[in-house]
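Here is a walk through one protein model, taken step by step. Keep the picture open as you read.

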Amino acid sequence: SLITNDIVYEPHSDMIYASVPSVVGVERGNTITPIDPYTGALGDSVFISSEPSLMALADDGSRIYVASESTNLVTPFLLDTLTPGAAFAIGSGDRRVDDLEVLPGDATALAVSRRMGNTNKGFAFFIDGIQLPNASSESARYDRIEFGNDPNVLYGHASSLSERDFNAFEVDWSPTG
């Protein structure tokens, strides 16, 4: 058994990857740990960040983006080398990740739903860790996000407001937004 904050199954390598919190201890805490889905055997744990939490897998199997629950950073975990890439901030101050999704077909592009405390602070969009200028209003309160078939449409659900608060948003991925 292993305490985890999130898990993802990566079909190209046929492995499960877990974000493991610090409470687990020195050997595996604050890591990404691979798990063989057939035997349950744990692979070598790799330090990723302080309190790794939510993860988002790129559909090409090249990386997993890992949010830190104790900082405003997201770190890409590169699956070909099993090493962390350069972490990047999702905004200033005490912002944290509510949800994150990799753009289908582009492992370098990431959508993030942000919060401060218990208040959602809108979406931000990143390419190679650089925030695009087209973030949504901080009054947007969508804490769950998902792409569908069209990579220019992001769906958002505000579970904190209502079970019925579900919307679609057009996303401009150009660097000038």
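The paragraphs below go through two sheets, the aromatic rings and a patch on the surface.

One point comes before the details. This is a predicted model.

Start with how strands hold together. Strands of a sheet pair through backbone hydrogen bonds, either parallel or antiparallel. Now find an open sheet of 4 strands, in the order 10-11-12-13. Its pairing is antiparallel. Strand 10 (95–102) and strand 13 (130–131) are the edge strands, and each pairs on one side only. Look next at strand 11, residues 109–116, and strand 12, residues 119–127. These two are antiparallel and pair over 7 bridges. One residue to pick out is S113, whose bridge partner in strand 12 is F123. Remember F123, as this residue returns below.

Move along the chain to another open sheet. Here 3 strands lie in the order 14-15-16, and again the pairing is antiparallel. The edges are strand 14 (144–147) and strand 16 (166–170), each with a partner on one side only. From one strand to the next, the twist averages 25°. Strand 14 and strand 15 (residues 153–157) run antiparallel and are joined by 4 bridges. Find F147 here: L154 in strand 15 stands opposite F147.

Now turn to the rings. How many aromatic pairs does the structure hold? There are 7. Take Y65 and F88 as an example. Their ring centres are 6.4 Å apart, and their planes meet at 75°. Planes over 60 degrees apart count as edge-to-face, so this pair is edge-to-face. Y65 belongs to strand 6 (residues 63–68), while F88 belongs to strand 9 (residues 88–89). The pair therefore ties together parts that are 23 residues apart in sequence.

Are these two residues buried or exposed? Buried means under 20% relative accessible area. Y65 has 3% relative accessibility, so Y65 counts as buried. F88 has 8%, so F88 is buried too.

Other rings form a cluster. Ring pairs link F123, F125, F147, F169 and W173. Two names are familiar: F123 is the bridge partner of S113, and F147 stands opposite L154.

Finish at the surface. I3, V23 and V24 make a nonpolar patch of about 260 Å². I3 sits in the segment before strand 1 (6–10). Why does I3 count as partly exposed? The relative accessibility of I3 is 49%. Exposed means over 50%, and buried means under 20%. I3 falls in between, so I3 counts as partly exposed.

Definitions and conventions:
Residues are numbered from 1 along each chain as its sequence is written. This is a predicted model: local features need pLDDT of at least 70, side-chain atom pairs count only at pLDDT 80 or more; totals for chains, interfaces and linings use all residues. Side-chain values use heavy atoms; hydrogens and water are left out. Two strands pair if DSSP finds at least two bridges between them. Axes are lines fitted to C-alpha atoms, for helices over the stretch in contact, and angles run from 0 to 180 degrees between N-to-C directions. Patches are made of residues with over 30% relative accessible area and no salt bridge: like charges are joined within 9 Å, nonpolar side chains (Val, Leu, Ile, Met, Phe, Trp, Tyr) within 5 Å. Accessible areas come from the Shrake-Rupley method with a 1.4 Å probe; for residues, only the protein chains shown count as cover. A salt bridge is a side-chain nitrogen of Lys or Arg within 4 Å of a carboxyl oxygen of Asp or Glu. Buried means under 20% relative accessible area, exposed over 50%, partly exposed in between (1.4 Å probe, protein chains only). Rings of Phe, Tyr and Trp (its six-membered ring) pair if their centres lie within 6.5 Å; planes under 30 degrees apart count as stacked, over 60 as edge-to-face and the rest as tilted.
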